[in-house]
Amino acid sequence: MVKTNVNIGSLKLKNPVMTASGTFGYGTEYSDFIDLSKLGGIIVKGTTLAPREGNPYPRMAETPSGMLNAVGLQNKGVDYFVENIYPQIKDLDTAVVVNVSGSTIEDYVAVAEKINALDKIPAIELNISCPNVKEGGMAFGTSPRSIEKVVKAVRQAYNKTLIVKLSPNVTDITEMARAAEAEGADSLSLINTLLGMAIDAERRRPILSTVTGGLSGACVKPVALRMVWQVSKAVKLPLIGLGGIMNATDAIEFLLAGATAIQIGTANFIDPQISVKVAEGIEEYLSRQGCHSVQEIIGGLVL
Amino acid sequence: MKKSLIDMSVTANLSVNNRSVLLKMTPADGSVLPECKPGQFVEMLVEGEPKAFLRRPISINYVDVEKNELWLLIQKVGAGTLKLAEVKEGDIINIIYPLGNGFTIPNNKEQKLLLVGGGVGVAPLLMLGTELKKAGHTPVFLLGARTKDDLLLLDKFKEISEVYVTTEDASEGEKGFVTQHSVLTKERFDFIYCCGPGPMMKAVAQYANKVATECEVSLENKMACGIGACLCCVEDTTNGNVCVCKEGPVFNIKRLKW
Ligand SMILES: Cc1cc2nc3c(=O)[nH]c(=O)nc-3n(C[C@H](O)[C@H](O)[C@H](O)COP(=O)(O)OP(=O)(O)OC[C@H]3O[C@@H](n4cnc5c(N)ncnc54)[C@H](O)[C@@H]3O)c2cc1C
Ligand SMILES: Cc1cc2nc3c(=O)[nH]c(=O)nc-3n(C[C@H](O)[C@H](O)[C@H](O)COP(=O)(O)O)c2cc1C
Ligand code: FES
């Protein structure tokens, strides 16, 4: 028997596979296809203080081996989540993590406080890296000063596992990682989407209503992998790697680069069973490599 | 209704015209097709085509219960549909289905029902017409296309019921767009179903509003997941942005801001 469990701060995962925010709904959308209890965890949709309608359609453009999205954090707000969604997902036999988004520090703190009160939510993922909202969002994640401020404020309001999700749209991601670590983050997840753009040449117009959007899917993997590797050298915190993971081999590459756990996003759209297949694939790899525990390959890249 | 991810084995790939094919397929594991409603769709995996990274949404054209076959009518418009149209008998295609809500089947058998289709938008109307007839209704079709050659599966529609036709070049039926057909001035319908290009559906919705007829349209917003998880496919409705893949693709025009 291979041991697949990992810890992210005090958050215990039965295996390193989680699903990425905004790509897996509230988990229940996938329950026809997989047994959710086979996942290490689920990161639910970005949740904000007030309800948000998101950006106008078109919000999606397919690109070579990837896609751009500009959903813009459409959600019904944290109070709706607490009253209507939490009761439906609180007994899922997997770690349910809420992705907390906002436009001001006060917003982030208010949402974190409300989620802190929910017994069955062991962690939050602070989304300071969304490229699809005009104010706030990514702006918080692109300077060490603002990362310090928001992480510090949320840390005071939230006493369970605090994961900070980093933006790749920066010159030096290790600076951002150190800032979050310094202010008390328990873990870092990376990467969020890369800012991109698509044009319809015939119509001479942008495809997305917002002109630019966030790139995800297979095409971003090399960038994500490089960033996980760099950050793993720069901080001591456990990392959650994501960006372009399409199969178990991709996931193992992130573990070798230094991630303790991984998330699967866009790949869920192509194969709604991929998360469970990746969890099984990691286990197979470990047995094949003669490992007793997944810990043996985390950061195990041979240079 | 439970959604499934399943490998289908292609039983036939029939050329309909030079731009469209009719694919027939059956579950590769021999299982019985689930109950599907007219207007529902499938999400098809396109393998070996890097330009088609995401699945492709395609309407359920018909379900042949006796042969346990699912029919899909596909028009080749880009890399994904071109690749799908190349499949051969015995090939495996992975699909997710049945997705979406489907059209309303009215209880009142006295109602006069008109099914309006344009181009490849006729696809879901074959199953809809069949089911309406089975339920005791007398559906009437109004099908539009650019030319006679673009009228897809016309013979199959004629087997079900009366068919009115318009073509833009007058090569079949009346000349013009579906909304210009004389049947619309001669007869009053109680319910109109419509599927086709956006501008056509908007024109039909405008007509339905003018004559105060109930009308359902099937939207084709760009999709990523097809199961209500990503919020990419939203339509701005009277109750805000809703997912076309989950709350649609069929909408009563009263809900739309057209
Ligand atoms: C619910 C639903 C049901 C559908 N049913 C059918 C069906 O039964 N038969 C069928 O042939 N097609 C159907 N479509 C449309 C089909 O999904 C698209 O034509 C297909 O995804 C295009 O993929 P592609 O890779 O071939 O083209 P792409 O390379 O993606 O695009 C090629 C060209 O087609 C246009 N295009 C792409 N998607 C659409 C779309 N959704 N509507 C209109 N134009 C589009 C693009 O703008 C571009 O100009 C349906 C779509 C939806 C959402
Ligand atoms: C449609 C869509 C919606 C997303 N919404 C969110 C979100 O609400 N919050 C967030 O932190 N990240 C969001 N993301 C980013 C993903 O969680 C993930 O970081 C990114 O897609 C890279 O991983 P992938 O290549 O595996 O998809 C979204 C991504 C997509 C494609
Ligand atoms: S396509 Fe993902 S929600 Fe509709």
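## Reading a ligand site, cysteines and a loop residue

Mentor: Welcome! Keep in mind that this is a predicted model. We can start at the ligand: an oxygen atom of ligand 1 has a backbone N or O atom of Pro57(B) 2.6 Å away.

Trainee: Which other backbone atoms lie close to a nitrogen atom of ligand 1?

Mentor: Ser59(B) has a polar backbone atom 2.9 Å from a nitrogen atom of the ligand. Glu220(B) also takes part, with a backbone N or O atom 3.1 Å from a nitrogen atom of ligand 1.

Trainee: How much of the accessible area of ligand 1 does the protein cover?

Mentor: On its own, ligand 1 has 880 Å² of accessible area, and the protein covers 73% of that.

Trainee: Which residues around ligand 1 come nearest?

Mentor: The shell has 20 residues, and the nearest are Pro57(B), Leu73(B), Gln75(B), Gly80(B) and Thr81(B). By type, the shell splits into 11 nonpolar, six polar and three charged residues.

Trainee: Which elements of chain B each supply at least two residues of that shell?

Mentor: Look for strand 4 (56-59), strand 6 (69-75) and helix 1 (79-84) of chain B. Strand 4 gives the largest share, with four residues.

Trainee: Let me turn to the cysteines. How many disulfides does the structure hold?

Mentor: First the general idea: a disulfide covalently joins the sulfur atoms of two cysteines. Over all chains, this structure holds zero of them.

Trainee: Why is Cys195(B) without such a bond?

Mentor: Its closest cysteine sulfur belongs to Cys194(B) and is 7.0 Å away, so the distance is too far for a bond. Cys195(B) is also buried, at a relative accessible area of 1%.

Trainee: And how far is the nearest cysteine sulfur from that of Cys232(B)?

Mentor: That sulfur, in Cys230(B), is 3.5 Å away, and Cys232(B) is in no disulfide. The cut-off to apply here is 2.5 Å between the two sulfur atoms. Cys232(B) is buried too, with a relative accessible area of 2%.

Trainee: One last residue: where is Thr213(B) found?

Mentor: Go to the loop of chain B that links helix 5 (198-210) to strand 13 (214-218), and you will find Thr213(B) there.

Trainee: Is Thr213(B) buried or exposed?

Mentor: The way to tell is by relative accessible area, where a value under 20% counts as buried. Thr213(B) has 9%, so this residue is buried.

Trainee: Which residues does Thr213(B) touch?

Mentor: Leaving out residues up to four places away in sequence, Thr213(B) touches Phe189(B), Asp190(B), Phe191(B), Ile192(B) and Ala208(B).

Conventions. Residues numbered from 1 in each chain as written. Chains lettered and ligands numbered in written order. Predicted model: local features only at pLDDT ≥ 70, side-chain atom pairs only at ≥ 80, totals over all residues. Heavy atoms only, no water. Buried < 20%, exposed > 50% of the residue type's maximum accessible area, 1.4 Å probe, protein only. Contact = heavy atoms within 4.5 Å. Near = heavy atom within 4 Å. Polar contact = N/O pair within 3.5 Å; in protein donor to acceptor, adjacent residues only side chain to side chain. Areas by Shrake-Rupley, 256 points an atom, 1.4 Å probe, with all protein chains shown as cover. Nonpolar A, V, L, I, M, F, W, Y, C, P; charged D, E, K, R; others polar.
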